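Student: I have a model open and a pile of labels I'd like to understand. Can we go through how each one is earned?

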Amino acid sequence: RDKPWDHSAQWKRMGADEDRAPEDVAAGDGEEASAGGKKGRYRRDKPWDHDGIDHWKVDPFTKDDNPDGLLEESSFATLFPKYREKYLREVWPSVTRALKEYGIACELNLVEGSMTVRTTRKTFDPYIIIKSRDLIKLLSRSVPAPQALKILQDDVQCDVIKIGGMVRNKERYVKRRQRLIGPNGSTLKAIEMLTNCYVLVQGNTVSCMGGWKGLKMVRKIIEDCMRNMHPIYHIKELMIKRELAKDPALADQSWDRFLPKFKKKNVQRKKPAKIGKGKKDQVFPPAPQPSKIDMQIESGEYFLSQEAKRRRAAQEKLDKQKEALSASQKRRRDAFIAPKEDGPEDGDAARKKKREVGADDVKASVAKLREKSAAKKEEERNRKSSRNVQDYLLGASKREKKEKKEKKEKKRKRDKEEK
């Protein structure tokens, strides 16, 4: 027998294996494995594992996989807006029929405005309650019922992206959300075609349905769009990747050299020449307005006792009442005063009145002269512009004499008027 402390026999066997051919060694190992030897104990052929099998295939979960059902009941509920009530009431029978096939019970509560799904004794798929939760979530976010029911399939997932808190400015948020939709929904349609996902922009959320790979791309596009990156850049990149995927020679190569590289441009905006209302820059800030307590300290009222303050307030109220009473008495007395009659005027009053009348006459005469001079100027301007051909045919000397004569006549008339 072999002795455990003697390794010479083991070395002899190893040398014998080296002298044999590789085919003989493999055959010997197979015999040991079939005989249940230590070396090939786990080397057995698996008939279900071969080269043609798809390890990534998801087999449908049937009732035979879980005939005993679930031990505990699970339920999910979600609220829906008021404007979805009418539509949900119409499509709820079809939703109930679809969930009944999977053993899920559903309830529509119009009083509370909520939808509830829960498992029953007939439920055999443990993950279908998560799918049902996603279904009512999509229905509350305005996804049509035929499209939302596709979430019950094993290869369809959903993602509800909240975009309401990504941008603070409301106007900027509305512009970027519209940028995601595009003119007539063209940008959204392109994203759906390239990612094989259903995308719906509703309010402050974006609902997406599709495979995991497509949902990941859609989330990146939406988040970058709300961070002021246009979706057209991602659309171009996805179109190029789709064309490159058709070439089997590029399957094991890097695609970086084919993808576009967009540089960020920091465009400086024109700053306004004047900012603000044009106030002069003040070195020191304006002095603060005195508070009510400061004004009381300044007048000394702050240091008075409560009794003194009450007496002071009562005295002020009494003074105001006296002023109002005296004013009302004066109005009553004025009603009994006779109006002043027109009598013979004394000498000073007559002279003053005459002086006032004379001043008025002077003002009127000055205004009259100004009107006359303006009328004459206008007449002279018209006469010069409508001078006939005979005046132009006259000689220069005659014209000059005539103009001098007209000036003298004007001067003489002006002197007469002034006298």
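**How the labels are earned**

Tutor: Let's start with a pair: Ser75 stands opposite Arg118 in strand 3. Keep in mind that this is a predicted model, where local features need pLDDT of at least 70, side-chain atom pairs count only at pLDDT 80 or more, and totals for chains, interfaces and linings use all residues. Residues are numbered from 1 along each chain as its sequence is written, and side-chain values use heavy atoms, with hydrogens and water left out.

Student: What makes strand 1 and strand 3 a pair?

Tutor: Two strands pair if DSSP finds at least two bridges between them. Strand 1 and strand 3 (residues 114-119) have five bridges, in the antiparallel sense, so they pass.

Student: Why are strand 1 and strand 2 said to stand at the edges?

Tutor: The open sheet has three strands in the order 1-3-2, with antiparallel pairing. Strand 1 (75-79) and strand 2 (104-109) each have a single partner strand, so one side of each lacks a neighbour in the sheet.

Student: How do you know that helix 6 has the span expected of a helix?

Tutor: The expected span is 1.5 Å times one less than the number of residues. For the 12 residues of helix 6 (residues 170-181) that gives 16 Å, and the end C-alpha atoms are 17 Å apart, which agrees.

Student: Which residues of helix 6 are buried?

Tutor: Tyr173, Arg176 and Leu180. Buried means under 20% relative accessible area, exposed over 50%, and partly exposed in between, using a 1.4 Å probe and protein chains only.

Student: Why are those three put on the same side of helix 6?

Tutor: Because they cover an arc of only 70° around the axis; the arc is that of the directions from the helix axis to the C-beta atoms. On the other side of helix 6, Glu171 and Lys175 are exposed.

Student: What covers the buried residues of helix 6?

Tutor: The cover includes helix 7 (186-195), strand 5 (198-202) and helix 9 (231-245), where contact means heavy atoms within 4.5 Å.

Student: Why is Gln253 called partly exposed?

Tutor: Its relative accessible area is 39%, so Gln253 falls in between the two cut-offs. You'll find Gln253 in the loop between helix 9 and helix 10 (292-299).

Student: What makes the side chains of Gln253 and Arg257 a polar contact?

Tutor: The rule asks for a pair of N or O atoms within 3.5 Å; within protein, one must be able to donate a hydrogen and the other to accept it, and residues adjacent in sequence count only if both atoms are side-chain atoms. The Gln253 and Arg257 side chains make their polar contact at 3.1 Å, so the distance fits.

Notes. Helices (H or I, at least four residues) and strands (E, at least two) are DSSP runs, numbered from the N terminus.
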